[in-house]
Amino acid sequence: MPNLRNYETERDRFSWETARRALDGLPGGRGLNIAYEAVDRHAAGARRDHLALRFLTKRGEPRDYTYSGLRAATNRMANVLSGLGLAKGERVFALAGRIPELYISALGTLKNGNVFCPLFSAFGPEPIRQRLGIGDGRVLITTVAFYKRKVADLRSSLPGLRHVLLVGDSREIREIPQVLDFHELMAQASENFEIAETSPDDLALLHFTSGTTGMPKGAMHVHEAVVAHHMTGYFALDFHPDDIFWCTADPGWVTGTSYGIIAPLTHGITSIIDEAEFDAERWYSIVQNQRVTIWYTAPTAVRMMMRVGTEVPKKYDLGSLRFIASVGEPLNPEAVVWGQRTFGLPIHDNWWQTETGGIMIANYPALAIRPGSMGLPLPGIEAGIVRRQPDGAIETVLEPGVEGELALRPGWPSMFRGYLNEEQRYRKCFAGGWYLTGDLARRDADGYFWFVGRADDVIKSSGHLIGPFEVESALMEHPAVAEAGVIGKPDPTAGEIVKAFVSLKGSRAPCEELRDELLGFARKRLGAVVAPKEIEFIANVPKTRSGKIMRRLLKARELGLPEGDTSTLELS
Ligand code: AMP
């Protein structure tokens with residue numbers, strides 16, 4: 001039986017107070033801590049020997065942690081951090097693939113009252129430097145290979161980064177100056193740890209996201225977010241005690257933390273974590289061999305599976321699956337139907353973003369899917385469509401089918417509590433009693449929400465949110481580049497790819513060699529995820545008279561669409 005059987009009934013009887021009671025709180029009334037809810041309360045009870053996390057290494061071997069094993073490992077980690085003298089609220093960053101050390105670090109950090117900030121391992125040195133700098137990272141946990149390739153050269157520009165803990169070969173680590181050996185410290189640390197007193201409003205997680213302008217923003221989440229992680233796991237992902245859950249997301253993205261680490265653990269269920277990148281045959285064999293029951297993935301992955309075709313999955317027994325969900329980008333209606341044909345299960349789209357901390361709008365197992373729709377708001381969540389009036393006032397659109405900005409009523413537990421050190425940017429997200437999401441959407445007469453597009457210029461490529469300004473800034477550091485304008489160009493698999501328009505300094509002429517050089521330059525700095533896939537040379541990057549790059553014009557030209565209002569275009 002699905003957890004959410006009758007949508008209206010659950011919405012009517014829902015309250016956050018009741019949702020809070022599904023969690024235990026720290027013993028002795030010492031507050032609320034995500035890691036306690038995720039690990040220790042199960043390790044102390046009937047689930048102590050239940051499998052919590054099964055890691056599949058690239059070669060496919062499992063590394064298993066029961067709940068009690070995970071408690072011991074995360075206690076050691078908390079002791080390591082406390083031994084390094086970390087004060088409450090200080091930031092611990094991780095730059096690693098999906099390896100056990102990353103997950104243990106996340107939970108150990110929370111136990112010690114520190115703030116965990118995961119970085120994508122595919123980032124190049126520039127995004128890493130910026131985020132560590134903005135977030136004032138005190139500790140970084142990474143691998144020997146990533147350290148040598150991406151971090152070692154940055155150390156002098158990051159004076160606040162006191163300790164770097166490396167995972168890898170001990171002999172190699174001993175040769176590297178200014179670093180510590182992760183496993184050596186863990187081996188010396190005790191398995192006993194008492195979680196520090198934690199208020200529900202204490203900072204727990206820092207997730208970087210991007211806007212149209214400026215540098216990345218650190219969205220701050222508190223320990224109380226666990227109430228929403230747990231509740232949404234129950235209603236939107238339908239967790240039941242015997243489930244084997246596989247969230248394919250990387251913890252570098254908020255999905256990989258909220259649902260790749262926290263929510264399944266708070267329910268005491270088993271999670272599968274695969275270290276390798278996408279490969280259709282590998283994925284189907286994981287579902288088959290691990291008897292995965294709930295699968296949470298992303299549209300780009302679904303489209304890649306669709307490209308491989310329906311014959312490949314037929315070679316596998318995928319009968320353990322009972323629920324599939326997807327998030328992060330628009331899920332094409334064909335993908336929903338393809339799921340039904342291929343797995344005998346439709347793919348349930350749901351919507352949320354870094355700032356919301358957890359799923360806000362979803363298609364539920366008990367409700368018919370409207371292919372192409374993101375679904376209905378979770379119990380406890382009020383979503384609406386709003387429009388900004390010319391005088392700045394916010395009008396709530398009640399009429400169905402009308403496009404506007406998707407907005408949410410503030411107050412749910414996993415709502416971000418600010419952008420680190422950027423109060424102004426945070427305040428700008430709220431108006432007329434709503435949190436404005438930056439997405440355009442419409443709601444149909446039955447309350448289902450339909451995604452229309454972004455209200456700003458950020459790019460979604462293979463599920464990654466990319467700020468054009470970050471890419472433009474990196475390109476402009478190349479001596480040949482005068483100006484750069486960056487857009488998302490539609491792509492059948494990735495949703496969008498990053499495309500840069502570049503004008504050159506007077507002395508340089510466009511040529512293939514220079515294009516390759518710029519592509520390589522950007523890739524080295526930004527990493528494969530963020531760097532442009534295409535570069536086009538243009539004489540001038542169109543700008544407004546006040547100097548803002550007109551990315552919308554670049555996009556319209558790219559797509560052969562009408563150019564719209566160009567009255568503010570600077571004529572050069
Ligand atoms: P991020 O903060 O990186 O998770 O990106 C959040 C953004 O991804 C949202 O604001 C949307 O633009 C997009 N997004 C997330 N889920 C969906 C969905 N189900 N359909 C369409 N777009 C989505």
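## The ligand and its shell

A residue counts as near the ligand if one of its heavy atoms lies within 4 Å of it. By that rule, in this predicted model, the ligand is surrounded by 17 residues. W253, D349, N350, Q353 and T354 are the closest of them. Sorted by class, the shell is made up of 8 nonpolar, 4 polar and 5 charged residues.

Which strands each supply at least two residues of this shell? They are β14, spanning 347-351, and β22, spanning 449-454. Of the contributions to the shell, the largest share belongs to β14, with 3 residues.

## Polar contacts and burial

Let's look at the atoms themselves. T354, one of the closest residues, places a polar side-chain atom 2.5 Å from an oxygen atom of the ligand. For R454, the distance between an N or O atom of the side chain and a ligand oxygen is 2.9 Å. K460 also takes part, with a polar side-chain atom 3.0 Å from an oxygen atom of the ligand. Each of these pairs can be called a polar contact, because the cut-off for N or O atoms is 3.5 Å.

How much of the ligand does the protein bury? On its own, the ligand would expose 490 Å², and the protein buries 97% of that area.

## A cavity in the protein

Now for the empty space. Rolling a probe the size of a water molecule over the atoms shows where such space is left. Searching the whole structure turns up 1 cavity of 30 Å³ or more. The largest cavity holds about 40 Å³ of space.

Its lining consists of Y103, F245, C247, A249, G256, G260, S271, I272 and I273. Three elements give two or more residues each to that lining: β10 (244-247), α11 (254-266) and β11 (270-274). Strand β11 gives the most, namely 3 residues. What classes of residue make up the lining? There are 6 nonpolar and 3 polar residues, and no charged ones.

## The hairpin of β1 and β2

Finally, a stop at the hairpin. Strand β1 covers residues 51-56 and strand β2 covers residues 62-66; the two pair in the antiparallel sense, with 5 bridges between them. Within this pairing, L51 sits opposite T66 of β2.

What sign does the phi of G60 have, positive or negative? The hairpin has 5 residues between its strands, and here G60 adopts a positive phi near 95°.

Conventions. Residues are numbered from 1 along each chain as its sequence is written. This is a predicted model: local features need pLDDT of at least 70, side-chain atom pairs count only at pLDDT 80 or more; totals for chains, interfaces and linings use all residues. Side-chain values use heavy atoms; hydrogens and water are left out. Two strands pair if DSSP finds at least two bridges between them. Helices (H or I, at least four residues) and strands (E, at least two) are DSSP runs, numbered from the N terminus. A polar contact is a pair of N or O atoms within 3.5 Å; within protein, one must be able to donate a hydrogen and the other to accept it, and residues adjacent in sequence count only if both atoms are side-chain atoms. Accessible areas come from the Shrake-Rupley method with a 1.4 Å probe; for residues, only the protein chains shown count as cover. Ala, Val, Leu, Ile, Met, Phe, Trp, Tyr, Cys and Pro count as nonpolar, Asp, Glu, Lys and Arg as charged, and the others, Gly among them, as polar. On a 1 Å grid over the protein atoms alone, a cavity is a set of points where a 1.4 Å probe fits but cannot get out, and a pocket is an open set with protein on both sides within 12 Å along at least five of seven lines; lining residues have an atom within 4 Å of a point. Grid points are joined across faces, edges and corners, and a volume is the space filled by probe spheres set on the points.
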